[in-house]
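The following account leads through a protein model by way of its charged pairs and its nonpolar interior. Please keep the sequence and the coordinates in view while reading.

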Amino acid sequence: MNSPVRRAKLSASERHFRSRIAQLASTRWFLRGTLSERAGTCGKPNCRCAQGELHRSLYLVQSQGGKLRQICVPHAWQERVREAVNDYRTLQELIEEVSESEWKRLRDRTRSPFSAA
Ligand SMILES: [Zn+2]
């Protein structure tokens with residue numbers, strides 16, 4: 001049975017990580033993947049890209065079910081998508097920090113702040 005987290009028993013750094021997780025989780029978008037900027041031609045012979053001024057496109061690449069998939073990010077979405085990708089990574093790092101704290105409690109048989117005993 002789970003007990004509420006007794007925050008007073010958490011280390012200062014773990015409290016910091018947990019409050020950042022809560023803050024991010026309640027205010028941000030999350031998008032897993034890697035952004036990839038590519039330059040290419042559109043194939044129209046009279047376009048400026050045929051003179052070497054290539055079109056730049058931003059793609060979000062993501063592994064899903066063991067396969068890579070990608071999606072083009074429209075210019076108007078690029079800032080928002082960049083933030084969501086960064087926030088996903090930050091949240092993942094913060095959760096990893098909290099997981100590491102719990103690993104150490106398990107390794108050292110330290111009483112968990114989650115347990116009532
Ligand atoms: Zn073109």
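Arg105 is a buried residue, with a relative accessibility of 12%, a value below the 20% limit that defines burial. The model in which this value was computed is a predicted one. The side chain of Arg105 is paired with that of Glu102 in a salt bridge, in which the closest N and O atoms lie 2.6 Å apart. Glu102, for its part, is partly exposed, at 33% relative accessibility. Both residues belong to helix H2, and because they are three residues apart there, about one helical turn separates them. The pair does not stand alone: through salt bridges that share partners, Glu14, Arg18, Glu102 and Arg105 are joined into one network.

Side chains of opposite charge can pair when their charged atoms come close. In this model the count of salt bridges comes to seven. One of them is formed by Glu83 and Arg28, with an N to O distance of 3.3 Å. Glu83 is located in helix H2, whereas Arg28 is located in the loop between H1 and strand E1 (34–40), so this salt bridge ties together parts of the chain that are 55 residues apart in sequence. Glu83 is partly exposed, with a relative accessibility of 37%, and Arg28 is likewise classed as partly exposed, at 34%.

A further salt bridge links Glu53 to Arg48, and here the closest N and O atoms are 3.3 Å apart. Glu53 has a relative accessible area of 47% and is therefore partly exposed; Arg48, at 45%, is also partly exposed.

The account now turns from charged pairs to nonpolar side chains. The largest nonpolar core consists of six residues, namely Phe17, Ile21, Leu24, Leu91, Leu94 and Val98. Helix H1 (12–27) and helix H2 (78–108) are the elements that give two or more residues to this core. Within the core, Leu91 touches Ile21 and Leu24, and Leu91 also touches Phe30, when residues up to four places away in sequence are left out of the count. A second core, separate from the largest one, has five residues, among them Leu58, Leu60, Val81 and Val85.

Helix H2 thus recurs throughout this description. This helix holds both Glu102 and Arg105, carries Glu83, the partner of Arg28 in the loop after H1, and gives two or more residues to the largest nonpolar core.

Methods: Residues are numbered from 1 along each chain as its sequence is written. This is a predicted model: local features need pLDDT of at least 70, side-chain atom pairs count only at pLDDT 80 or more; totals for chains, interfaces and linings use all residues. Side-chain values use heavy atoms; hydrogens and water are left out. A nonpolar core is a set of buried Ala, Val, Leu, Ile, Met, Phe, Trp, Tyr and Cys residues joined through side-chain atoms within 4.5 Å. Buried means under 20% relative accessible area, exposed over 50%, partly exposed in between (1.4 Å probe, protein chains only). Helices (H or I, at least four residues) and strands (E, at least two) are DSSP runs, numbered from the N terminus. Contact means heavy atoms within 4.5 Å. A salt bridge is a side-chain nitrogen of Lys or Arg within 4 Å of a carboxyl oxygen of Asp or Glu.
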